[in-house]
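Colleague: I should like to go through the reasoning behind several of the labels attached to this structure. Please set each value against its cut-off before drawing a conclusion.

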Amino acid sequence: MSGYIIQRCLQAVVVMFAMSVIVFVGVYAIGNPMDVLIPLDAPQDVRALIIARFGLDLPLWKQYLVFLGNVAQGDFGRSFVYAIPVLDLIVSRLPATLELTLAAVIGAAAIGVPLGIWAGYRPDALSSKTIMGVSILGFSVPTFWVGLILILTFAVWLGWLPAGGRGPVDVVLGVEWSIFSLEGLSHLLLPAVNLALFKLAMMIRLARAGTREVMLTDTIKFARAAGLSEGTIVRHHVLKLIAVPIVTVFGLELGSTLAFAVVTETIFSWPGVGKLIIDSITSLDRPVMVAYLILVALLFVTINLLIDLAYAVLDPRVARSRAA
Amino acid sequence: MSALLLEVRDLRTHFFTRAGVVKAVDGVSFTMERGQVLGLVGESGSGKSVTGFSLLGLVDPPGRIVGGSIRLDGEELVGMPLDELRRLRGRRIAMVFQDPMMTLNPVLTVGAQMTLAIRAHEKVTGVAARERAASVLTRVGIPDAAARLDAYPHEFSGGMRQRVAIAIAMTHSPGLIVADEPTTALDVSIQAQILHEMRELSRESGTALVWISHDLATVSSVAERIMVMYAGRLVEEGPTATVLRDPRHPYTRGLLDSLPATARPGQELRQVPGNTPSLLALPPGCPFAPRCVRASERCVEDPEHRVDAVRAFRCHHPLERAA
């Protein structure tokens, strides 16, 4: 097992290197930030001075090497726009996105998996068909539209919840959180629901498909023959048998939501990293883009590794085949 | 307590498929005494497994028991509320399936699965359940049982896995175990062991066995009585020795002739001509008639159950009794 982990970590390093090159070249191709940052009427010598100060006069490969050298010292550069270290900028925005994402993904799993199991357990019941119908809506209705409708309904018409922003935050363990106050939660609720709908639909479908398949197996028949109650069978047999695909999707969704909650964060003016990356693309803030995309790659590599380790816990056969 | 354990009368289990009604079990009647080992043989699709599942009320939709009666210790099981039936399963009637690889849950430890089976019927602490589980595993011949409780099914060999399944079935010392081809998926050497051990266990605990198999040779070595099933019906039933030595139904004869053990070396095996009929389109009268060398016009009428001294059969043109 430890050999397997080492191998995976080496793979991760290669992936990170490849990703940094792709990101660097890609961001370079998008456009020259100096066209946006330097006023058009600035004199030519001032312009050259600024470009040289940011190191943008160097050829691309030299810029990349300088970047690598800095990263090796833990320095991802400074934001052109905010003029503070990029890492600090991203880290300051991360908790907002983190709590939004966790609320959405965990909520989706906590509600979606039981609903999906029910729908798979009783595929012909009216309640199951209703659940499946709603899940199709969750898949097909675009997130931005749902977001706007949520704001319209709960903020504008009913006036129950705030329309956007993060509201007051409490500092716990040196990080700002909204989940520890009622006011903060009220701000979190709508964007979390908005973000969760798609994932909820996906969890329902996954859990249903898995349950339907498992219910037909001899494992379930044998458990019934031993006199186990249906509740015990679902809790102990079915849930563990359908866990592997659900954990996979849970992890990947967690990652992609962390990285790309852009639409929801924009609609609800949620000050997270999604909004940061959109803003930095608009202003061609290269260091932010590069650092952000590389951190996202790191995030996915880490999550994938964790998912693989979770497999070994959930399915002992996996652990054995890897130890061999 | 009377000697009579199980009384099945005119059991009918039909499957309502889109193509039509499949009469998988169509009027099966038999009785079993306590501790008796009954062999149920037939080709694939003859309805022997469905008969077994019907006994536990475990017929999956679109199938259901449409008629007849199953009495266990005088208690009617057909039409019994699901919850009562559940409390019966595993405690008074249990089942062992063909392939333990498919029946044991691959992601739960053996101990966890046995504990679930124990707790399905008894309120016991986790520690007590583990002790029980270990003692049952020891009984079915698993060495170092207490340590093996934390192992997963894939860490056992095929024979050991089937022993675990048997242990789960035996946990509550049921009066009846339905064993559906329990040795078919195993190596031949292991088959013999399991066969022997199950017979011993049933003898020790007074558990009756319904041994379902397509393999006459296996059944004959374990069962006291034998029932031959064809197209959802019993065609011959009697003491194993009598039926094997001196079959009256042409189908039983055909099955016996197709056994390698009865053929001389180098001789081609005789097989029952034709194929199992589709249960959707059974011929009128005797379903075996189209494949039967003794068939006549009379066979379009349903043959009555006939009995001679020791056994029952269902044929217009039975083979003569050997002298």
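Modeller: Let us begin with K199(A), which has a relative accessibility of 8% and therefore counts as buried. The model is a predicted one.

Colleague: What makes K199(A) count as buried?

Modeller: Buried means under 20% relative accessible area. K199(A) stands at 8%, so the label applies.

Colleague: Why is the contact of E253(A) and K199(A) called a salt bridge?

Modeller: The term requires a side-chain nitrogen of Lys or Arg within 4 Å of a carboxyl oxygen of Asp or Glu. The side chains of E253(A) and K199(A) meet at 2.8 Å, N to O, so the criterion is met. E253(A) belongs to helix α11 (residues 243-260) of chain A and K199(A) to helix α8 (residues 182-215) of chain A, so the pair ties together parts 54 residues apart in sequence. E253(A) is buried as well, its relative accessible area being 13%.

Colleague: How many salt bridges does a search of the whole structure find over all chains?

Modeller: The search finds 23. One of them joins R12(B) and D10(B), at 3.1 Å from N to O.

Colleague: Why are R12(B) and D10(B) called partly exposed?

Modeller: Partly exposed lies between the buried limit of 20% and the exposed limit of 50%. R12(B) has 29% relative accessibility and therefore falls in that range; D10(B), at 34%, does so too.

Colleague: Which parts does the pair of R163(B) and E197(B) tie together?

Modeller: The side chains of R163(B) and E197(B) form a salt bridge at 2.8 Å, N to O. R163(B) lies in helix α7 (residues 158-170) of chain B and E197(B) in helix α8 (residues 188-205) of chain B, so parts 34 residues apart in sequence are tied together. R163(B), at 5% relative accessibility, is buried, whereas E197(B), at 25%, is partly exposed. Elsewhere in chain B, a network of salt bridges links R34(B), D73(B), E75(B) and R92(B).

Colleague: What makes β6 and β11 of chain B edge strands?

Modeller: The open sheet has 8 strands in the order β6-β7-β8-β3-β9-β10-β12-β11 (chain B), and its pairing is mixed. β6 (93-96) and β11 (306-307) of chain B each pair on one side only.

Colleague: How do you know that β11(B) and β12(B) pair?

Modeller: At least two bridges are needed between two strands. β11(B) and β12 (residues 312-313) of chain B have 2 bridges, in the antiparallel sense, so the requirement is met. Within this pair, R306(B) stands opposite F313(B).

Colleague: Why is β3(B) described as largely enclosed?

Modeller: Of its 5 residues, 5 are buried, so the rest of the structure largely encloses β3(B). V37(B), G39(B) and V41(B) point one way and L38(B) and L40(B) the other, all of them buried. β3(B) runs parallel to β8(B), with 5 bridges, and parallel to β9(B), with 4 bridges. V37(B) has L209(B) of β8(B) as its bridge partner, while G39(B) has I226(B) of β9(B).

Colleague: What makes β10(B) mostly covered?

Modeller: 6 of the 7 residues of β10(B) are buried. β10(B) pairs with β9(B) in the antiparallel sense over 6 bridges. In their hairpin, with 2 residues between the strands, A231(B) takes a positive phi near 50°.

Colleague: Why do β2 and β5 of chain B stand at the edges of their sheet?

Modeller: The open sheet of 4 strands follows the order β2-β1-β4-β5 (chain B), with antiparallel pairing. β2 (20-33) and β5 (75-76) of chain B each have a single partner strand, so one side of each lacks a neighbour in the sheet. The antiparallel strands β1 (residues 4-17) and β2 of chain B are joined by 11 bridges.

Colleague: What makes L158(A) partly exposed?

Modeller: Its relative accessible area is 40%, so L158(A) lies between the two limits. L158(A) is one of the residues making a nonpolar surface patch of about 1100 Å². Helix α7 (residues 143-157) of chain A gives the most to that patch, with 7 residues, whereas L158(A) lies in the loop between α7 and β1 (170-172) of chain A.

Note on methods: Residues are numbered from 1 along each chain as its sequence is written. Chains are lettered from A and ligands numbered from 1 in the order in which they are written. This is a predicted model: local features need pLDDT of at least 70, side-chain atom pairs count only at pLDDT 80 or more; totals for chains, interfaces and linings use all residues. Side-chain values use heavy atoms; hydrogens and water are left out. Patches are made of residues with over 30% relative accessible area and no salt bridge: like charges are joined within 9 Å, nonpolar side chains (Val, Leu, Ile, Met, Phe, Trp, Tyr) within 5 Å. Accessible areas come from the Shrake-Rupley method with a 1.4 Å probe; for residues, only the protein chains shown count as cover. Buried means under 20% relative accessible area, exposed over 50%, partly exposed in between (1.4 Å probe, protein chains only).
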